[in-house]
Every structure is written in C-alpha cells, then in structure tokens.
Amino acid sequence: MAAVTTPTRPPHRVSETPDTPAWARWANDHRKWLFAAPAMIFVAALIIFPLAWTGYLSLTDAEGSVRAESEFVGFQNYVEVLSDTDRFWPAVGRTAAFTVVALLFEVVLGMAVALLLWRPFRGQKWVRVAILMPLVATPVAVGMMWRLIFDPNIGLANQVLGWVGIGPQPWLAGQHSALPTTIFIDVWQWTPMVVLILLAGLTSLSDEPQEAARIDGASTWQRFRHVTLPLVMPTVIVAILLRGIDALKTFDILYATKGRGGGSFHEVETLNVYAYGLSFDYNEYGISSTVLIIFFLIIIGSMWALTSRRKEAQR
C-alpha cells in the first residue's frame, strides 16, 4: 500500500509587500529577539550595574559611607585581602568545608531517598509531602528553630541525649562543633530539593536497561552502579551545580544561628558572613567589595568546572 503523505503548512509569516520599509522587514525577521529585548536589557542592567559598582569600590579605599570621598588605590585592597591569614583565608576554608561536606551529604542522602521513592508504594504521596516539609520554611526561620533545639541549657537535643545517658553537648555554642552543626541544619533543609531533582531524573529513565540487567543476573547494587547511576549522572551534575552554588552563598542560616562575625571565635564565618561584617559592621566598603569580587570569581570558577563536568557526563 502506498504511503499517504499529508502536506505540511509553511510557517506563518507576516505578509510583506514591495513597499514595506527595510526596517520593518528587518524587525519582522528578528521579532523574537525584539520582543525579548526589554526583559533581557532589564535583567542585564540588574546584574551589570551592581557588579560594576562593586568592582569600582574594590579599587578604592571607600569607608564610612559609599558617598564619602575616596581615593583610587588600584589593586592594593586585593593584595591586603589575599595576604590576610587571620580572617580571609580561614573564611575561604570554612566556605569550602561547608559547601563540600553539605553537598556530599545532600547528594548521597538525596539519591538514597529518591531511589526509595522511585517505585510506587502505598502511601507514597504522603511520604513525599512529609519529605518536602523543610522546604516550606524560610532559612532564617529554620535557623532560629534549630538554634532553640540546640540550646545547650534548654534545648531539646540535649534533653534527648540525657534520656540515653549522654552528657550535654555545646552544639552551636562550641568552637569546634558549631560548623558541623550548621552543616547539619543545611542538610536537613535542602536535601529535599536534591531529592526532587534526582527523582525527576529517575522517573524519566526507561525500564528496558533495568530489565535487561535483571535478566542477565545483575544484583541490585550492580544495576545501580552500572546502569542507573551512569544514566542519571547528567541529572546528578545538575543537582550538584544548583545546590553547590547555593551552598557557597549560604548566609541566612549562619547569621540566624551565630550572629555577627559567625560567632565569638568566627567559627562559622564564611566569605558571605565576612563580607557582610566588613560592610555593615565596620563600614569598610572598599575591602568588603574586594572580598565580594574574589568570592564572585570563585563562584564563576566553580560553575565553569561543574558545567564542564556535566558536558563530559552527557557525552
């Protein structure tokens, strides 16, 4: 039987006549960009102007007020910041530790929970609702809630430890336990976000590779390692990219739990907290702008590295 083909209609084009001006023909050919241009220009202005102003302040000795007279000092602020081993480099280390450890736990736990929710079971929708509850609250509210729970005197955490015979712990009040505790709070709130991303990737996978591996006698771990994980790896990279950049910029949870300077000994002072203190506590806008520019470059470098890794995973 001969195949019957249905003629396709050409894409609709605005009628043009020989008398149509050249600018009108050009606008018709580029109308999709012209309609999007106002929004693109507005968003670009919102990004470029603050970044350019911060870059300018980083090259001056501005302090006290951004409107006060300041002198151009070139890269002197960058030399001063990069040679600061008391506050800047420890803040860089805490930022890296917070991001890496929190991201590691969130991805591992997120993958485990996503695998549990991958196959339908009774009461699945209620479990999903319960898992997503931490995302409903704002980070400041979450930080204040856990600050009360981890209070060394009246907090619920130490009361629970007392029931099993364990002595009270300093939690957020300890110089060495504050950073791990804030990492725990971040993991508690943001693991559900990773679960959502990974679950979306898992549900889009075909069942055929799993069935083929099962027929060949592969175990559950072998199917996950050699079939599921390679197929879902692009989604894992997306989750790492989104959550990693967000973890790098974490400020609200840290400030809500420890306040100015990240604590009395700066135990949770990351680059964001450090720059905030320089700006609003000490009014050193030139130095704080320098820290923010360096922090921005760190974020851009991290994005580039993760994006390159994602492209390699998709090949």
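## Salt bridges and a bent helix: worked exercises

Arg243 and Glu106 pair up in a salt bridge, with 2.9 Å between their closest N and O atoms. Keep in mind that we're working on a predicted model.

**Exercise 1.** Work out which parts of the chain the Arg243–Glu106 pair ties together, and whether the two residues are buried or exposed.

*Solution.* Start with the addresses: Arg243 sits in helix H10 and Glu106 in helix H4 (residues 88-118), so the bridge ties together parts 137 residues apart in sequence. Next, check the cover: both Arg243 and Glu106 are buried.

**Exercise 2.** Find what else Arg243 bridges to, then name the network that Arg243 belongs to.

*Solution.* Look around the Arg243 side chain again: Asp186 meets it in a salt bridge, 2.8 Å from N to O. Asp186 belongs to helix H8 (residues 178-203) and Arg243 to helix H10, so this pair links distant parts of the chain, 57 residues apart. Asp186 is buried, as is Arg243. Now widen the view: salt bridges link Glu106, Asp186, Arg243, Asp246 and Lys249 in a network. For the whole model, the count is nine salt bridges.

**Exercise 3.** Take the salt bridge between Asp281 and Arg260 and classify the exposure of Asp281 and of Arg260.

*Solution.* First the distance: the closest N and O atoms of Asp281 and Arg260 are 3.5 Å apart. Then the location: Asp281 is in helix H12 (residues 271-281), while Arg260 is in the loop between helix H11 (252-258) and H12, 21 residues apart. Finally, apply the cut-offs, where exposed means over 50% relative accessible area and buried means under 20%. Asp281 has 27%, so it counts as partly exposed. Arg260 reaches 61%, so it counts as exposed.

**Exercise 4.** Compare the end-to-end distance of helix H10 with that of a straight helix, and locate the kink in H10.

*Solution.* H10 covers residues 220-248, 29 residues in total. At 1.5 Å a residue, a straight helix would reach 42 Å, but the end C-alpha atoms of H10 are only 35 Å apart. Now scan along the axis: there's a kink of about 55° at Met233, shortly before the proline Pro234.

**Exercise 5.** Describe the secondary structure of the chain and set its radius of gyration against that of a compact globule.

*Solution.* Count the elements: 13 helices and zero strands. For 315 residues, a compact globule would come out near 20 Å, yet this chain has a radius of gyration of 26 Å. As for its extents, the C-alpha trace spans about 85 × 65 × 30 Å along the principal axes. To finish, 36% of the 315 residues count as buried.

Technical notes
Residues are numbered from 1 along each chain as its sequence is written. This is a predicted model: local features need pLDDT of at least 70, side-chain atom pairs count only at pLDDT 80 or more; totals for chains, interfaces and linings use all residues. Side-chain values use heavy atoms; hydrogens and water are left out. Helices (H or I, at least four residues) and strands (E, at least two) are DSSP runs, numbered from the N terminus. The expected span of a helix is 1.5 Å times one less than its number of residues. The bend at a residue is the angle between axes fitted to the seven residues ending there and the seven starting there. A salt bridge is a side-chain nitrogen of Lys or Arg within 4 Å of a carboxyl oxygen of Asp or Glu. Buried means under 20% relative accessible area, exposed over 50%, partly exposed in between (1.4 Å probe, protein chains only). The radius of gyration is taken over C-alpha atoms; the globule rule is 2.2 Å times the number of residues to the power 0.38.
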